[in-house]
Amino acid sequence: QSSQHYKDLLLQEKMVNDRLNVRHMKEIFKIMDVDGSGSISADEMADFLHRPEFELQSYFEALDISASDTNTLFQLLDGDGSGEIDINEFCDGCMRLQGTARSFDLHMLRYENIRANKRMA
């Protein structure tokens, strides 16, 4: 019984943290969306990531998202490949990229890569 209660508490805490992170991500997005178009370009994102007064680099690091390679980060967030990121792509992408890669994730990528190489051979 106490084990289930502990699991419930952990799940509830994660949900609260996720909601808080999404709220912060939306605020960050609105800061980067200078022209109010509802989307940001790679240039807009790069500009803000490299401006020390906004400390966005630090914010991404706090979420365990590497923002050191801005172009790669943008491509990973640009789910539809349009060259623009809307607020949903930004939040969903950040949530997906958040945290460190787990061993399972890495092994799954390795497995898929091996399968793709066999099909191409």
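Guide: Contact here means heavy atoms within 4.5 Å, and the model we are looking at is a predicted one.

Visitor: Okay, with that in hand, which residues of α4 meet which residues in α5?

Guide: On the α4 side they are L73, L76 and L77, and on the α5 side they are E89, F90, G93, C94, R96 and L97. Sorted by character, the residues of this contact divide into 6 nonpolar, 1 polar and 2 charged.

Visitor: And at what angle do the axes of those two helices cross?

Guide: The axis of α4, residues 70–77, and the axis of α5, residues 87–97, cross at roughly 110 degrees and come within 9 Å. Angles from 65 to 115 degrees count as roughly perpendicular, and α4 and α5 are therefore roughly perpendicular to each other.

Visitor: Switching to M45, where is that found?

Guide: M45 is found in helix α2, and with a relative accessible area of 0% this residue is buried.

Visitor: What is M45 in contact with, leaving aside neighbours within four places in sequence?

Guide: With those neighbours set aside, M45 is in contact with M32, I40, T70, L73, F74, L77 and I85. For one of these, T70, the C-alpha atom is separated from that of M45 by 7.7 Å, although the two residues are 25 residues apart along the chain. L73 and L77, which M45 contacts, also belong to the α4 residues that meet α5.

Visitor: What about α1, how many residues does it have, and how far does it reach?

Guide: Helix α1 covers residues 2–32, which makes 31 residues, and from its first C-alpha to its last it reaches 45 Å, close to the 45 Å expected at 1.5 Å a residue.

Visitor: Which residues in α1 are buried, and what covers them?

Guide: Buried residues in α1 are N21, M25, I28, F29 and M32, and what covers the buried residues of this helix includes β1 (39–41), α2 (42–49), α3 (56–62), β2 (84–86) and α5.

Visitor: Then there's Q1, is that one buried or exposed?

Guide: Q1, which lies in the segment before α1, is exposed, with a relative accessible area of 89%. Between Q1 and H50 the C-alpha to C-alpha separation is 50 Å in space, and they are 49 residues apart in sequence.

Visitor: Last thing, what pLDDT does the chain average, and which element has the lowest mean?

Guide: The chain averages a pLDDT of 85, and 96% of the residues score at least 70. Among the elements of the chain, the lowest mean pLDDT belongs to α3, at 78, and the highest to β2, at 96.

Technical notes
Residues are numbered from 1 along each chain as its sequence is written. This is a predicted model: local features need pLDDT of at least 70, side-chain atom pairs count only at pLDDT 80 or more; totals for chains, interfaces and linings use all residues. Side-chain values use heavy atoms; hydrogens and water are left out. Axes are lines fitted to C-alpha atoms, for helices over the stretch in contact, and angles run from 0 to 180 degrees between N-to-C directions. Helices (H or I, at least four residues) and strands (E, at least two) are DSSP runs, numbered from the N terminus. Angles under 35 degrees count as roughly parallel, over 145 as roughly antiparallel, 65 to 115 as roughly perpendicular and the rest as oblique. Ala, Val, Leu, Ile, Met, Phe, Trp, Tyr, Cys and Pro count as nonpolar, Asp, Glu, Lys and Arg as charged, and the others, Gly among them, as polar. The expected span of a helix is 1.5 Å times one less than its number of residues. Buried means under 20% relative accessible area, exposed over 50%, partly exposed in between (1.4 Å probe, protein chains only). pLDDT is the predictor's confidence in each residue, from 0 to 100.
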